[in-house]
Every structure is written in C-alpha cells, then in structure tokens.
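I opened my notebook to look around a new structure, one step at a time. Here is what I looked up, in the order I wrote it down.

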Amino acid sequence: MDRVVDLDEVAAVLAAQTVGWTSAGLEVGQVTWRDAEASWPQPLEADRARAKDPDSLGVVISGPGGAELSVVLFRGGWADVDFIDGLTHGGALPASDIASPTDFGTRMNQWVAHVFGVRSGGQ
C-alpha cells in the first residue's frame, strides 16, 4: 500500500482537534493502530509503539442520543467513515483521495459537523 498520508502526523492533528470536540460535549475514544507487519488477523493496538509499520489508525467519537462516528484512515489516502446520528439515520460518508494530515483534519471536522452539528475541533 502506498504511503500517501503520514499516520503519526494525522494522530497529532486528531490530538489537537480532540480538545474542541470534548469541550463541545463529545467523547473521543483512544486512537487505535493496525500494524501492516502483524499476522492475520491483525490486532488493533492502542499503543503506537506496538504498531511497527502502521497501515491504518482509527478513532470513535460518541455524542448525545447514541450518535457515533467511526473513522479508520488508511495510509493509502482513504478512510472508512461510518456513522449513526442516533436512532434514525446512519451510513457511510465518502472518504477518498485524502492527500495530507491537514486534509484529513479538515474532513474530520466536516464529518463531526455532519453527525453531531459541532463545528469546532481545533482547526
């Protein structure tokens, strides 16, 4: 898999955004990492040091009324983005051609706004 996005830089962007999201009442879960070198099934690691060659990172954000946003970014520049805004609507959001950590941070803010109506996130 091509290395389009530096996942360590993305983690720093997420850490900066977390402050705004938590102050808006959202719960931001711990970032998880998947190691490309691990044998199948590749476990998710909460400790970055345990993922020697990370090929993805993920985070889950929860909010009021059972709303949840789950994002897994792959170093190749795409993400799996799933959400439920409570009990009525859910689905996947488009997430391809992510070119940089900054681009990812901008999109995270858009996804958080879409699901929770929160416009801040440190960016």
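**Confidence first**

I began with how far to trust the picture, since this is a predicted model. The mean pLDDT of the protein is 93, and 95% of its residues reach 70 or more. Going element by element, I found the lowest confidence in strand β7 (residues 90–92), at a mean of 94, and the highest in β5, at 98.

**The nonpolar core**

Next I asked myself: how many residues does the largest nonpolar core have? I got 30, and the residues with the most contacts inside it are Leu-14, Leu-69, Val-71, Phe-104, Met-108, Trp-111 and Phe-116. The elements that give two or more residues to this core are α1 (7–23), β4 (54–62), β5 (68–74), β6 (78–84) and α2 (101–116). The largest share, six residues, comes from α2. I added a reminder from class: in soluble globular proteins, nonpolar side chains tend to be buried together.

I then picked Val-71 and listed its partners, leaving aside neighbours within four places in sequence. Val-71 is in contact with Leu-57, Gly-58, Val-59, Ala-79, Asp-80, Val-81, Phe-104, Met-108 and Trp-111.

**Two aspartates**

I moved on to Asp-35, which lies in strand β2 (residues 32–35). Which side chain of opposite charge is nearest to Asp-35? I found Lys-52, 5.6 Å away; Asp-35 is buried yet has no salt bridge. A salt bridge needs a distance within 4 Å, so I could see why Lys-52 does not count for Asp-35. A polar atom of the Asp-35 side chain does lie 3.1 Å from the backbone nitrogen of Asp-53. Apart from neighbours within four places in sequence, the contacts of Asp-35 are Gln-42, Arg-50, Ala-51, Lys-52, Asp-53, Pro-54 and Asp-55.

That last name was my next stop. Asp-55 sits in strand β4. Is Asp-55 buried or exposed? I noted a relative accessible area of 5%, so Asp-55 is buried. The side chain of Asp-55 makes a polar contact with the side chain of Arg-34, at 2.9 Å.

**A glycine to finish**

My final entry is Gly-90, in strand β7. Gly-90 has a relative accessible area of 52%, so I wrote it down as exposed; the cut-off for that word is over 50%. Not counting residues up to four places away in sequence, Gly-90 touches Phe-83 and Ile-84. I also checked Gly-90 against Ser-56: the two are 34 residues apart in sequence and 23 Å apart in space, C-alpha to C-alpha.

Note on methods:
Residues are numbered from 1 along each chain as its sequence is written. This is a predicted model: local features need pLDDT of at least 70, side-chain atom pairs count only at pLDDT 80 or more; totals for chains, interfaces and linings use all residues. Side-chain values use heavy atoms; hydrogens and water are left out. Helices (H or I, at least four residues) and strands (E, at least two) are DSSP runs, numbered from the N terminus. Buried means under 20% relative accessible area, exposed over 50%, partly exposed in between (1.4 Å probe, protein chains only). Lys and Arg count as positive and Asp and Glu as negative; His and the chain ends are not counted. A polar contact is a pair of N or O atoms within 3.5 Å; within protein, one must be able to donate a hydrogen and the other to accept it, and residues adjacent in sequence count only if both atoms are side-chain atoms. Contact means heavy atoms within 4.5 Å. A nonpolar core is a set of buried Ala, Val, Leu, Ile, Met, Phe, Trp, Tyr and Cys residues joined through side-chain atoms within 4.5 Å. pLDDT is the predictor's confidence in each residue, from 0 to 100.
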